[in-house]
Amino acid sequence: MSTRLNLATLSLMDALDLAILIEMEAFKRYKMFAEQLGHRFTGDAASVFASMAENEAKHGQELETRRKALFGTVPMRITLDDLFDVEAPGMDAPRSTMSALQAFEVALSSEQKAFAFYDEAIPHVANPEIRALFTELRDEETEHVRMVREAIAKLPPSAAVELEEDDDELPML
């Protein structure tokens, strides 16, 4: 996980933009994984990734609403090129035979990665508004980690079973 940004010099608008883009990157990655795997049955790995994409999109939209209330339509100065895998799962995460449990473990790791990013960023930020924002976002990631862990705990034993590979039915990854 990384950014090419100097966190100490971010404005509040830039910090919000960074948070929005982090959610956008994760949304796009989860959506891509769901499409790559293809839905085969309710509760499969693709379903997990599709659900995570929805969650990331919702959080990103909440941040966009907040940004617009504060800064109107001022264009972003930060782009997706300024970050990589801050919260998004690694590109090598999906496997055509992965179980729902394995997909949730990918999601858990990604939420933990986002928590670590904000937690490690806070000491590098002098602006009190940005420190407060990053603290809030870190705490939200704590809640996301808890939610994914609860979802894992509720999975039936069958959710841990990897699928058998069927070259005729599975998309190429």
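**Close-up views of a predicted model**

**View 1. Asp85, in the loop between β2 (83-84) and α3 (100-121).** The model shown here and in the other views is predicted. The backbone of Asp85 has a phi near 55 degrees. That value is positive, and the residue is not glycine. Asp85 is also buried, because its relative accessible area is 10% and the cut-off for buried is under 20%.

**View 2. Glu23, a buried acid in helix α1.** Helix α1 spans residues 12-37 and holds Glu23. Glu23 is buried, yet has no salt bridge. Which side chain of opposite charge is nearest to Glu23? It is Arg66, 11 Å away. A salt bridge needs a side-chain nitrogen of Lys or Arg within 4 Å of a carboxyl oxygen of Asp or Glu. Neighbours within four places in sequence are set aside for the contacts of Glu23. On that basis Glu23 touches Glu56, His59, Gly60, Leu63, Glu87 and Glu141. Three of the names in this list are glutamates: Glu56, Glu87 and Glu141.

**View 3. Phe33 and Phe49, an aromatic pair.** The model has four aromatic pairs. In one of them, Phe33 and Phe49 meet edge-to-face. Their ring centres are 5.3 Å apart, with 65 degrees between the planes. The edge-to-face label follows because the angle is 65 degrees and the cut-off is over 60. Phe33 lies in helix α1 and Phe49 in helix α2 (residues 45-71), so the pair ties together parts that are 16 residues apart in sequence. Are these rings buried or exposed? Phe33 is buried, at 0% relative accessible area. Phe49 is buried as well, also at 0%.

**View 4. The aromatic cluster around Phe33 and Phe49.** Which residues form one aromatic cluster with Phe33 and Phe49? Tyr30 joins them, and the three make up one cluster.

**View 5. Asn127, in the loop between α3 and α4 (128-153).** Asn127 is partly exposed, because its relative accessibility is 28% and that class runs between 20% and 50%. The side chain of Asn127 reaches the backbone nitrogen of Glu129 at 2.7 Å. Where does Ala8 stand relative to Asn127? In sequence, Ala8 and Asn127 are 119 residues apart. In space, their C-alpha atoms are 7.9 Å apart.

Technical notes: Residues numbered from 1 in each chain as written. Predicted model: local features only at pLDDT ≥ 70, side-chain atom pairs only at ≥ 80, totals over all residues. Heavy atoms only, no water. Helix = DSSP H or I, 4+ residues; strand = E, 2+ residues; numbered from the N terminus. Buried < 20%, exposed > 50% of the residue type's maximum accessible area, 1.4 Å probe, protein only. Polar contact = N/O pair within 3.5 Å; in protein donor to acceptor, adjacent residues only side chain to side chain. Lys, Arg positive; Asp, Glu negative; His and termini not counted. Contact = heavy atoms within 4.5 Å. Phe/Tyr/Trp six-rings, centres within 6.5 Å; stacked < 30°, edge-to-face > 60°.
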